[in-house]
Amino acid sequence: MPTREEILEALKSVIDPEIRKDVVELGMVREITIGDDRVDVMISLTTGGCPLRNHFVVAVRKALRGLGVDECGVEFDVLSPEEKAALQKKLGMSSGLPTGDAAGLNAIRNVICVGSGKGGVGKSSLTVNLAAALVAEGKTVGVLDADVWGYSIPRMFGLGSDRPPISPQRKILPLESQGVKIMSIGFFVPEDSAVVWRGPMLHKALNQFLEDVEWGALDYLLIDLPPGTGDVSMTLAQLLPQAQFLLVTTPQPAAQKVAKRAAEMATKVSLDVLGVVENMSGFTTPGGERFPIFGEGGGQELADELDVPLFGKVPLTMPLRVQADAGVPIVAEDPSDPASQAVRQVARGLIAVEPQLPPVLEDLAELPVMQHEPKGASLPMA
Ligand SMILES: Nc1ncnc2c1ncn2[C@@H]1O[C@H](COP(=O)(O)OP(=O)(O)OP(=O)(O)O)[C@@H](O)[C@H]1O
Ligand SMILES: [Mg+2]
């Protein structure tokens, strides 16, 4: 079993999504109990009814799994008024600590990052079509364009450079197209201007897209990643420990190797790889003759190697590209197109494997919140 110090070190990866600092620094780790084969952690929240509890359960379990601890209990109590006041002072906040209510992220059941390692394999095309396919399956869906350097999501959804409205609560409201809620840096910068953010600026921008956007309750948030690995994925993994990675590859062996590097990166930042989608899987002529333009079998091989499912093989079709350029995903425009059918199948596959965090979410509704308050003090439940 790891030591208390090792556990504390690992818990530094658990970020309070509202305060944006880790729970160790915030002094929110109340208790660590190391048993023979399990570890129990108690986290102190700013409010008993904090809707972010699920976020903490997932993040703590993930941090401990990284230390080889599979059995892990996460319990909660509430900071005493004195502790709250001290924390508020330490953070230099004048207007009270966040209560969790503002962080809508907790109402997102599945977060799927669509990535590849390599450019141009169809991540963005798949993201928009998969979003449309999940809507067709009756799901509520958002798309976050995390390709801050080469955003293409607004165009593929037929959205211009309209600025999203701001709610009375000062939240950014996503734009909508095809029943999908959409957020992209493209809504904020003049068309075709290059965004050069890196490091802290990038982190801040992505954080804002998650925290300051009123996503509301979503079954799925799909995140279109930029090509390559690196900064964006690292940041997202920190902000969204429950995110999973969907890898896009072409049937070519070379693309597969690159996609595998992306998978390795996902593992490094401890995001789970959910599965693989093969794109550009051959072209069938109107006469029915099939040409495997980019080779065969890459998706299956990658899936086998990573021991994850291959959710589908999406063929090359001209309407997919034409519709992306026209701003209406092919899945919404022509469900009979072979690419639409393949993407619909991917969507159904995702729904079928959806663990959705519930075991946790559901037990949480039942979990008592323990209160460690100094004698005599009354605890205002914010
Ligand atoms: N199955 C397909 N059939 C036809 N065209 C496709 C298909 N998939 C993608 N394309 C086209 O290939 C090009 C690249 O696709 P897309 O922009 O989705 O890739 P990407 O992986 O997001 O690229 P980047 O790495 O630059 O973000 C686009 O022109 C798109 O319309
Ligand atoms: Mg793209």
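What follows is a walk through the fold, the nonpolar cores, the ligand site and a handful of individual residues in this structure.

The model is predicted, so local features are taken only at pLDDT of at least 70 and side-chain atom pairs only at pLDDT 80 or more, while totals for chains, interfaces and linings use all residues. Residues are numbered from 1 along each chain as its sequence is written, chains are lettered from A and ligands numbered from 1 in the order in which they are written, and side-chain values use heavy atoms, with hydrogens and water left out.

To start with the overall picture, the protein has 13 helices and 15 strands, taken as DSSP runs (H or I of at least four residues for helices, E of at least two for strands) and numbered from the N terminus. Of its 382 residues, 52% are buried, where buried means under 20% relative accessible area, exposed over 50%, and partly exposed in between (1.4 Å probe, protein chains only). The accessible surface adds up to about 17000 Å², with 52% of that belonging to carbon and sulfur atoms; areas come from the Shrake-Rupley method with a 1.4 Å probe, and for residues only the protein chains shown count as cover. Contacts, meaning heavy atoms within 4.5 Å, often link distant parts of the sequence: among those between residues at least 6 apart, 76% join residues at least 24 apart.

Next, the cores. A nonpolar core here is a set of buried Ala, Val, Leu, Ile, Met, Phe, Trp, Tyr and Cys residues joined through side-chain atoms within 4.5 Å. The largest one holds 79 residues, and L130, F157, L222, I223, L236 and F245 have the most contacts inside it. Helix α4 (residues 123–136) chips in the largest share of this core, seven residues. Beyond four places in sequence, L236 touches C113, A146, L206, L210, I223 and L225. Apart from this core there is another, of 28 residues, with I19, I32, I43 and V60 among them.

V29, in strand β3 (residues 29–34), has a relative accessibility of 19% and therefore counts as buried. Setting aside neighbours within four places in sequence, V29 is in contact with L8, L11, V23, V24, V41, M42 and I43. V29 and S44 are 15 residues apart in sequence, and their C-alpha atoms are 6.3 Å apart in space.

Now for the ligand. Ligand 1 is surrounded by 17 residues, the closest being G120, K123, S124, S125 and N279; a residue is counted as near if one of its heavy atoms lies within 4 Å. Helix α4 turns up again here, giving the most to this shell with three residues. At least two residues each come from α4, β12 (272–284), β14 (310–316) and α10 (318–326). By type, the shell splits into seven nonpolar, seven polar and three charged residues, with Ala, Val, Leu, Ile, Met, Phe, Trp, Tyr, Cys and Pro taken as nonpolar, Asp, Glu, Lys and Arg as charged, and the others, Gly among them, as polar.

Several polar contacts involve the ligand; such a contact is a pair of N or O atoms within 3.5 Å, and within protein one must be able to donate a hydrogen and the other to accept it, with residues adjacent in sequence counting only if both atoms are side-chain atoms. An oxygen atom of ligand 1 sits 2.5 Å from a side-chain N or O atom of S125. A ligand nitrogen is 3.0 Å from a polar backbone atom of P315, and a nitrogen atom of ligand 1 lies 3.1 Å from a backbone N or O atom of T317. On its own, ligand 1 has 630 Å² of accessible area, and the protein covers 78% of that.

Two serines are also worth a look. S184, in strand β9 (residues 180–184), is buried because its relative accessibility is 0%. Its side chain reaches the backbone nitrogen of G186 at 3.0 Å, and contacts beyond four places in sequence are with D145, Y151, P154 and F209. S340 belongs to helix α12 (residues 338–353) and is likewise buried, with a relative accessible area of 0%. The S340 side chain reaches the backbone oxygen of I330 at 3.3 Å.

Finally, some backbone angles. Most residues other than glycine have a negative phi. Q178, in the loop between β8 (175–177) and β9, has a positive phi of about 55 degrees, and with a relative accessible area of 33% this residue is partly exposed. M280, in strand β12, has a positive phi near 65 degrees, and M280 counts as buried at 17% relative accessibility.
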